[in-house]
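Let's take a walk through this one together. Have the sequence and the 3D view ready, and follow along one piece at a time.

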Amino acid sequence: MGLFLGRSIILLLGLFALPTLLGDFWAYQLGLYFLYSIAALGVGICWGQAGFLPLGQAMFLGIGAYLSGFSLIHFQDSFLLLLLLPAAALIPGFIAFVIGLLVFRGHLESGPFFALITLALSLLTFQIATNWVDVTGGFNGLGGIPSLPGLEGFESLYYVVAAVLTISIGVVAWIIKAPIGVIWRGISENEKRLTFFGYDTAFLKALAFGISGVLGGVAGVLYAPHQGLVTPNLAGFILSAELLIWTAVGGRKTLFGPVIGAILVGSLTAELRDVIPIWELMVAALFIFVVLFLPDGIAGWPERLFQRVLGRRFSGDEVNLAVKIGQKSPELELASCSLSIGTVDILNQLSFRIAQPGIYCLIGPNGAGKTSTFNAITGAVKTQAGSINLDDESISGFQSHDVAMRGIGRKFQVPSILPNLTISENLRTALWGGRCSLMDLFHYTPLNWTNTINTDLKERFPFLIEENKPAKELSHGEKQVLELSMSLLGEPRLLLLDEPCAGLSSEETDKVIDTIRWIRSTFDSTILVIEHDMTLVKDIADQVIVMHQGAVLAIGGVKDIQKDSRVREVYVGVSI
Amino acid sequence: MTSPIYSFDGVTGGYGGGIVVNDVSGCVEQGQVLFVLGRNGVGKSTLLHLLFGYLQLIRGSVRFKQMDLVGKKPEEMSSLGITFCPQERVVFGELSVLENLILMRGNRDITHLEGYFEHFPILAERLSQDAGTLSGGERKILSFVRALSEGRELLMLDEPTEGVQRENILHIAQLIRERKKSGATFVIVEQNLELLDEVGDHVLVMDQGKVMISSRKDLISREDIVRHLGV
Amino acid sequence: MDPIAVTIALNIIYEITTLFVIVLGLAIVFGLLKVMNLAHGEFIMVGAYAAYFCQDQGWPYIMAIPFALFIAAILGYLIEFTLIRHLYRRPFDTLLVTWGLSFLLREVIELVYGKGFQSLSNPIPGSIDVLGEPYPSYRALVMVIAILSVLVLWVWYRRSLTGARVKAMVENPELARAVGIRVDNLARHTFVVGTCFGALAGVMLAPLTRVEPFMGLDYILTSFFVLVVGGVGTILGLSSGAGVIGGVQSVVSNLFGETSGYFGVLLIAILFLWLKPNGLISRS
């Protein structure tokens, strides 16, 4: 915290010294790009952190500026400005949040469609601003906007802009280091995985978009008195595009990248556009180059260096979370669940019931519907008929994160991790799932959370201690173990494991099996395992469920299953 | 004994530089069928991917009719007389059944397919349907018919009977027998022993990326094979 | 027949058919190849400027067609080889790179011809009689060509297997290679065909519109809207998308003015993107 404030003060002093160094006029010019860089910080949050692309970000700047302009014109020197101006900054954020929520709830992806919607919306805003002449002044814009009360002359406004920029950087720095930042980066890596930890990712992405809207709004609110004129172009395509280019060139994933990009490329462009005819051509080429080869932008490398030299991990005493021992053991019941795609029946009247804690092995030939069963339970697919009940509640039709919140954890067949996040970030993301409140996500204390499972796992699998290693650098087996560990950390009452030992060496297999047994006995959990290796099944299963053609063929102890002639038939053909 | 038309020796490789298949050798004579057997995940499919050029060999050689196949790309194989049926994603789901069958032909004539439709009338019924709407077993049949109708000399099939009903497995066996007689050679990866009983000549049993048994089918007992498979 | 009704009907048909021409190139690149080419509008612009160049040189207008095709093919090959090739499975980066590319192409044109409008003279002046109403001949020709090309494409698409091979390659590249499709080449040719269709649209529309560096921006948006509303991958979807967007645009414009027409299109597009992103005609 101290270090954090210290850096902000140094930055502020530096910015305050600029007018003395460069002269007032230049400082004033730079002020405009300071404002743009505040909006670019928002683009950085959306695109660099949460991983979705806002193509129409200038829209929020425009809305904020128009609102601020009206307020300043009509309520000049009124104390109401103290309410109106903050509202003018927050309203764009609220609009962004609602748009985000509506779109992300509709379909869970950050893909091109979201980008195109934002682009269309910004064009819509531009059209409204151009055509609603009575209110906005139309194409010529809203002119004659007075400066902020008590700040006559552009020099004094510079200091306000510099201060707001410093605060914005500080806030964003705080946010992206807080748990929410880790989770946003997780969403951009592997959104599906996070939903199975219980995160409402649509909401969290909308939150990111909302915050970026506020940053755009703040920039707009100051833009109006700074320039004295707001035209539709402020909400238009060109500025949206420039914000994106600046963010990319500066480095979207870094804190200072968007700021550096906006100030450097922005002000250089303003100066050099007329001097060097091919300047804008060069910027466009630079943008393509950065997207293809330099995803971290120009700030990427220095910032990493800076972090290595100065950056200290936020450190504090570890907080040991109470283990949720004594949770009610789950009663899971699937009744005549059916799922078909086209004319193919994936699940066909699938019914079974699990009421006792224990290890249940789900076996069956390829295409029997084992993974689909997991998908149906965890809400990844919707069954077309039948019901799924957990305890006495129907969970069919639930979203994946709602299912996860009821204590169902899942490990995927192909290890599903967050490859570019570190090992400890991977583990934390799992630990926080279902435990962090919205407030916690903006707080640093969860960074120190741990629990006994976490400690125990690190003893069993020493590679988990290498906290700062990116998960993508792990071997296949280690990735399997990491994802298994992640799915354990949430202490699910019901754990679904899809071939947890696939691709593991026999030594690793032994350890994983040992861990599963340990979880089973310590927490009295219910574990459902898809497994092909019959030796393993014999080893761990309390009960075996054999599936064939989307339905249960047999349930029973290992011995009974082995004697069952129908089971032998589906495995090695008829003539055995 | 005639010399093998297709042979591979010391094949080693896997995904991303890892070694999944380790020093696997085998061969098959013209008009015969080599079966590669083993449990899930022992490297059978990886072996086929190595042989067909999807993956680069770390070590080993592959020869077809005196031709060195190492370094050849999958898209070159059909012009060399080899075709392949993958284990998963066996058809083009967004194309119709008909389009799947004639994709690489110059016209939409289907007279050459009528013989196959006698064995699998379901395909004829669903010609205009998207292949993605077929069941897993039906897709396997479509994939098999597609490969057979290309008329190549060597066919590599990855689990052609997975999800296929017994009756249709017998039709598949019948078609393979006919094609063997006209001189085609097969390499078939299987878990199910039914097809082996019907058309097999050589057996290669794998476990953990290595060859456990390599033998003529009639020289090996059923129990020896089963020991490495299934339950 | 009511002369106003005839004029309105003709305008609606004109709107829809020109949309079809505009979208066609993108429909190939995005619909078949799944490459979200945000520089599609700039290929239309390049085509229009190629036409302008030809007219400026005093060549007959028909010469613009081979000239624009030549330019678009070279550009297309170059861009596919340097940029797009690396991006077939990275939709996000494709979006960004082609977006940067659209800037680049705009800037190049701006450097050569400046920001201002260029207007071309009408290659076929005069008007013809349509149901008793005079209608500009060139517009009528554009409409006829557009409708003919829908029909030709429809017939070709039903008979030829090239479209099917492209779809096969995108859906399942592994299997495509196994059946002998040379994936790299096919993808490159498809992309170039898309850019060529874009340039042809530019040649056709150049005399009817203001030719300027930013003209592609409107085209790319409406093109995507058409594809989003209609659904990708079929000619029926393409036509119905053009029908809805073009219909809304011209009907609302006629009733409430041009700006409202634009609003109407934006609103419909946003609603579709949000609620029915697969469009009206989606396979499966």
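A quick word before we start: two residues are in contact here if their C-beta atoms, placed from the backbone, lie within 7 Å. Angles run from 0 to 180 degrees and are taken between N-to-C directions. Also keep in mind that what you're looking at is a predicted model.

With that in hand, go to chain B and find helix H6, residues 136-149. H6(B) lies across S6 and S7 of chain B, and runs at about 180 degrees to S6(B).

Those two strands belong to something broader. In chain B, six strands make up an open sheet with mixed pairing, and the order is S6-S7-S8-S3-S9-S10. Which strands stand at the edges? They are strand S6 (82-85) and strand S10 (210-216) of chain B; each has a single partner strand, so one side of each is left without a neighbour in the sheet. On average, and ignoring direction, neighbouring strands of this sheet are turned by 15 degrees against each other.

Now look inside that sheet. Strand S3 (residues 33-37) and strand S8 (residues 185-190) of chain B run parallel, joined by five bridges. For a spot to zoom in on, try B:Val36, which stands opposite B:Val189 in S8(B). Helix H1 (residues 44-51) of chain B packs on this sheet too, touching S3, strand S7 (154-158), S8 and strand S9 (202-207) of chain B. The direction of H1(B) makes about 150 degrees with that of S7(B).

Chain B has another open sheet to show you: four strands in the order S2-S1-S4-S5, with antiparallel pairing. At its edges are strand S2 (21-28) and strand S5 (67-68) of chain B, each pairing on one side only. Strand S1 (residues 6-13) and strand S4 (residues 59-64) of chain B pair in the antiparallel sense over five bridges, and B:Thr12 stands opposite B:Arg59 in S4(B). And here's H1(B) again: it packs on this sheet, touching S1, S2 and S4 of chain B, with its direction at about 115 degrees to that of S1(B).

Finally, swing over to where chain A meets chain C. There, 28 residues of chain A are in contact with 26 residues of chain C. Helix H4 (81-106), helix H5 (112-131) and helix H12 (279-293) of chain A each supply at least two residues of chain A's side. Which element gives the most? That's H5(A), with 11 residues. By class, this side of chain A has 22 nonpolar, five polar and one charged residues.

Note on methods:
Residues numbered from 1 in each chain as written. Chains lettered and ligands numbered in written order. Predicted model: local features only at pLDDT ≥ 70, side-chain atom pairs only at ≥ 80, totals over all residues. Nonpolar A, V, L, I, M, F, W, Y, C, P; charged D, E, K, R; others polar. Pairing = 2+ DSSP bridges.
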